[in-house]
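Open your viewer, keep the sequence panel at hand, and follow along. Each stop tells you what to select and what you will find there.

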Amino acid sequence: MLDYIIALLSDPNAQWILLGSMLLGLSSGVLGSFAYLRKQSLMGDALAHAALPGVCIAFMLTGSKSIFFFLLGAAAAGLIATFGIGYVTRNSRIKQDTALGIVLSVFFGIGIVLLTKIQHSGSGNQSGLDKFLFGQAASMVQTDVITMAVVALVLVLICWALFKEFKLLSFDAGFAKGIGLPVAALEQFMMFLIVVAVVVGIQAVGVVLMSALLITPAVSARYWTERLGVMVVLSGIFGAISGLVGTFVSGLGSNLPTGPLSVLAATALFVISVLFAPRRGLAAKLLERLAVKRSVLGELRSRAERVTVHSSGGAREEGRL
């Protein structure tokens, strides 16, 4: 095992994939915390599926598999989907979850149609766009990883710089609006950041599983703390660990996908959090219930003993009389 770790760390290609997966998990976890607190867990799923037609259109216009053009196309499609969800929610009686489902299905359907057309075209077999459905981290080259790393670090720095504003927006948007913050602009900007995070991660994780990497670390971190700052940090750490474990496990065998394994690692961290978190975990709650049960039984025993002693003492007094 040690020899494998040394060999993996000495491989330049593996180093880049490892770095990209960890930074992707870090940025996704940080942004996912705010999406989870704002009850927009499905937003990442909708935007991930909406990014597929943008990737296809970018390839059809440029004819090259460039991560830069893919990012531009996916970001444009994600922004259109974001504005579409907001427009439908504001100007109709349709609720946000229904609007999310509509946008997700429509954009993903368009993406599948375009993907099928590309695959049956002259250069379609060489495009490899089908890898964006489930991700293929091994196909990333150094320039792709550098792009992912720069974007991930920028996302984390933006969240750090606007932490107070995002905190107010997540817990009390009415108060934020009352003190003069541009709530609508901040909401759209946060959606834009989620779009960027999703777009960066679809090559490694895929459009189908990207939402899991965006939300699962945040949900896991929520079990360990009551403070938002600690939760954001833990969520980023959990996301980075998921990317690290997924990359290591994928190297143990042939044809093991890094993205799905990273999602499974995040799910394993979630299960550990549910079971063993200090206050919210099932084990902690079980121990607390057992402690309360012992306390109640001990109190009942002590009361019974006091009643018995009192009764025996009264009987002795009557015998003396």
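Start with a cartoon view of the whole chain: its secondary structure comes to 15 helices and zero strands. Helices (H or I, at least four residues) and strands (E, at least two) are DSSP runs, numbered from the N terminus. This is a predicted model, in which local features need pLDDT of at least 70 and side-chain atom pairs count only at pLDDT 80 or more, while totals for chains, interfaces and linings use all residues. Residues are numbered from 1 along each chain as its sequence is written, and side-chain values use heavy atoms, with hydrogens and water left out.

Now colour by accessibility. Of the 321 residues in the chain, 43% are buried; here buried means under 20% relative accessible area, exposed means over 50%, and partly exposed lies in between (1.4 Å probe, protein chains only). Contacts come next, a contact being heavy atoms within 4.5 Å. Among contacts between residues at least 6 apart in sequence, 72% join residues at least 24 apart.

**Stop 1: the nonpolar core**

Select Leu 24, Phe 34, Leu 155, Phe 166, Ile 194 and Val 205: these have the most contacts inside the largest nonpolar core, which has 65 residues. Such a core is a set of buried Ala, Val, Leu, Ile, Met, Phe, Trp, Tyr and Cys residues joined through side-chain atoms within 4.5 Å. Helix α11 gives the most to this core, with 12 residues.

Zoom in on Leu 24. Which residues is Leu 24 in contact with, leaving aside its neighbours within four places in sequence? They are Met 148, Ala 197, Val 200, Gly 201, Ala 204, Val 205, Met 210 and Leu 213.

**Stop 2: the two sides of α9**

Phe 166 also leads to helix α9, residues 163–171, whose buried residues are Phe 166, Leu 169 and Ser 170. Look down the axis of α9: the buried residues fall within an arc of 100 degrees, so they line one face of the helix. That arc is taken from the directions from the helix axis to the C-beta atoms. On the other side of α9, select Lys 164 and Phe 171, which are exposed.

**Stop 3: along α2 to the largest cavity**

Move to helix α2, residues 12–37, and pick Ser 21. Ser 21 is buried, with a relative accessible area of 5%. Leaving aside neighbours within four places in sequence, Ser 21 is in contact with Gly 243, Thr 247 and Thr 258.

Leu 19 is also in helix α2, but at 37% relative accessibility Leu 19 counts as partly exposed. Try a distance label here: the C-alpha atoms of Leu 19 and Thr 247, 228 residues apart along the chain, are separated by 9.5 Å.

Next, show Ser 21, Leu 24, Gly 25, Ala 204, Val 205, Leu 213, Gly 239, Gly 243, Thr 258, Gly 259 and Ser 262, which line the largest cavity. On a 1 Å grid over the protein atoms alone, a cavity is a set of points where a 1.4 Å probe fits but cannot get out, and a pocket is an open set with protein on both sides within 12 Å along at least five of seven lines; lining residues have an atom within 4 Å of a point. The largest cavity has a volume of about 50 Å³, volume being the space filled by probe spheres set on the points, with grid points joined across faces, edges and corners. Helices α2, α13 (228–250) and α14 (258–276) each supply at least two residues of this lining.

**Stop 4: the second largest pocket**

Select Gly 86, Arg 90, Gln 96, Glu 187 and Gln 188, which lie nearest the centre of the second largest pocket, among its 13 lining residues. This pocket has a volume of about 250 Å³. The largest share of its lining, five residues, comes from α4.

**Stop 5: two valines**

Val 156 is found in helix α8, residues 142–161, and is partly exposed, with a relative accessible area of 23%. Not counting residues up to four places away in sequence, Val 156 touches Leu 26 and Ser 27.

Finish at Val 113 in helix α5, residues 96–119. Val 113 is exposed, with a relative accessible area of 57%.
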